[in-house]
Amino acid sequence: MVDATEERVSSILGQIRSNGGRATAARRATITALLEAPRNHLSSEDIIRKVRSQQPEVAESTVYRALAALEDLGVVEHVHLGHGPSTYHLTGQAHQHLVCGLCGKVVEVPDSEFAGIAERLSAGYGFEIDLRHFAILGRCHQCRSRRPAPSTEGAPG
Ligand SMILES: [Zn+2]
Ligand SMILES: [Zn+2]
Ligand SMILES: [Zn+2]
């Protein structure tokens, strides 16, 4: 039985080769790190840490270059979920992120949810939105349904 991660890594490397890119060891390790991460999202520092924990001989700058090359090849993209460092994910399952400003929860939604607004902005302003580069901030379902804390605690009412 073939390991599922291994199979996906091979398929992504195949995609790179068919786009004229090379499947280097650092690129393979970077893709593997993202696939093995919980929810498949990591900062560049996390990726470097993970890759070097498996292959200490790989230099930090090599991983950075691999990450940049994978972005150029369209296999990986970075998104800004908030104020911290940007987050990398694989483009295979492209999605938009909704981030709760209260609890930090991230909800992934398909791009198609934004088809209407994309069309309206294109028709009305001739502007093509780059939807996935930044997250949409707000409040999640759980935080919205949580009752606000009473401001006059203990007061007779
Ligand atoms: Zn950016
Ligand atoms: Zn993502
Ligand atoms: Zn929340």
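What arrangement do the 4 donor atoms around the zinc ion (ligand 3) make? That was the thing I wanted to look up today. A reminder to myself before starting: this is a predicted model.

**Entry 1: zinc ion (ligand 3)**

I began by listing who holds this ion. Its protein donors are C100, C103, C140 and C143, each through its SG atom, and they lie 2.3 to 2.4 Å from the zinc. Next I checked the angles. The 4 donor atoms subtend angles of 105 to 113°, so the arrangement is tetrahedral. To count as tetrahedral, four donors need all angles between 85 and 135 degrees, and the range of 105 to 113° fits inside that, which makes the label easy to follow.

I also wrote down how the donors are spaced along the sequence: C-x2-C-x36-C-x2-C. Then I asked myself whether C140 and C143 are buried or exposed. C140 turned out to be buried, and C143 is buried as well.

**Entry 2: zinc ion (ligand 1)**

On to another zinc. Which residues coordinate the zinc ion (ligand 1)? I found H78, H80 and H133, each using NE2, at 2.0 to 2.1 Å. Their spacing in sequence reads H-x1-H-x52-H.

I looked at accessibility for two of these histidines. H78 has 22% relative accessibility, so it counts as partly exposed. H80 comes out at 24%, and therefore it is partly exposed too. The cut-off that matters here is that buried means under 20%.

**Entry 3: the sheet**

I went looking for strands. There are 3 of them in an open sheet, ordered β1-β3-β2, with antiparallel pairing. The edge strands are β1 (42-43) and β2 (76-79), and each of them pairs on one side only. A note from class that helps me here: strands of a sheet pair through backbone hydrogen bonds, either parallel or antiparallel.

How many bridges join β1 and β3? I got 2, in the antiparallel sense. For one residue I followed the pairing across: S43 has T87, in β3, as its bridge partner.

**Entry 4: the nonpolar core**

How many residues does the largest nonpolar core have? It has 24, and the ones with the most contacts inside it are I31, I47, V76 and L90. I then checked where the core residues come from. At least two are supplied by each of α1 (4-18), α2 (25-36), α3 (44-54), α4 (60-72) and β3 (87-90). Helix α2 gives the largest share, 6 residues.

I picked I47 for a closer look. Leaving aside residues up to four places away in sequence, I47 touches T30, L34, L42, V63, L67 and Y88.

**Entry 5: T32 in α2**

Since I was already looking at α2, I clicked on T32, which is found in that helix. What does the side chain of T32 reach? It reaches the backbone oxygen of R28, at 2.7 Å. T32 also touches T5 and V9, again not counting residues up to four places away in sequence.

**Entry 6: the loop after α2**

Last stop: the loop between α2 and β1, where I found R39. N40 lies in that loop between α2 and β1 too. I looked up phi for both. For R39 phi is near 65°, a positive value in a residue other than glycine. For N40 phi is near 60°, also positive and also in a residue other than glycine. Finally, R39 has a relative accessible area of 47%, so I filed it as partly exposed.

Methods: Residues numbered from 1 in each chain as written. Chains lettered and ligands numbered in written order. Predicted model: local features only at pLDDT ≥ 70, side-chain atom pairs only at ≥ 80, totals over all residues. Heavy atoms only, no water. Core = buried A, V, L, I, M, F, W, Y, C linked by side-chain atoms within 4.5 Å. Buried < 20%, exposed > 50% of the residue type's maximum accessible area, 1.4 Å probe, protein only. Helix = DSSP H or I, 4+ residues; strand = E, 2+ residues; numbered from the N terminus. Contact = heavy atoms within 4.5 Å. Donors = N, O, S within 2.8 Å, 3.2 Å for Na, K, Ca; no water. Pairing = 2+ DSSP bridges. Polar contact = N/O pair within 3.5 Å; in protein donor to acceptor, adjacent residues only side chain to side chain. Tetrahedral: all angles 85-135°; square planar, octahedral: opposite > 155°, others 65-115°.
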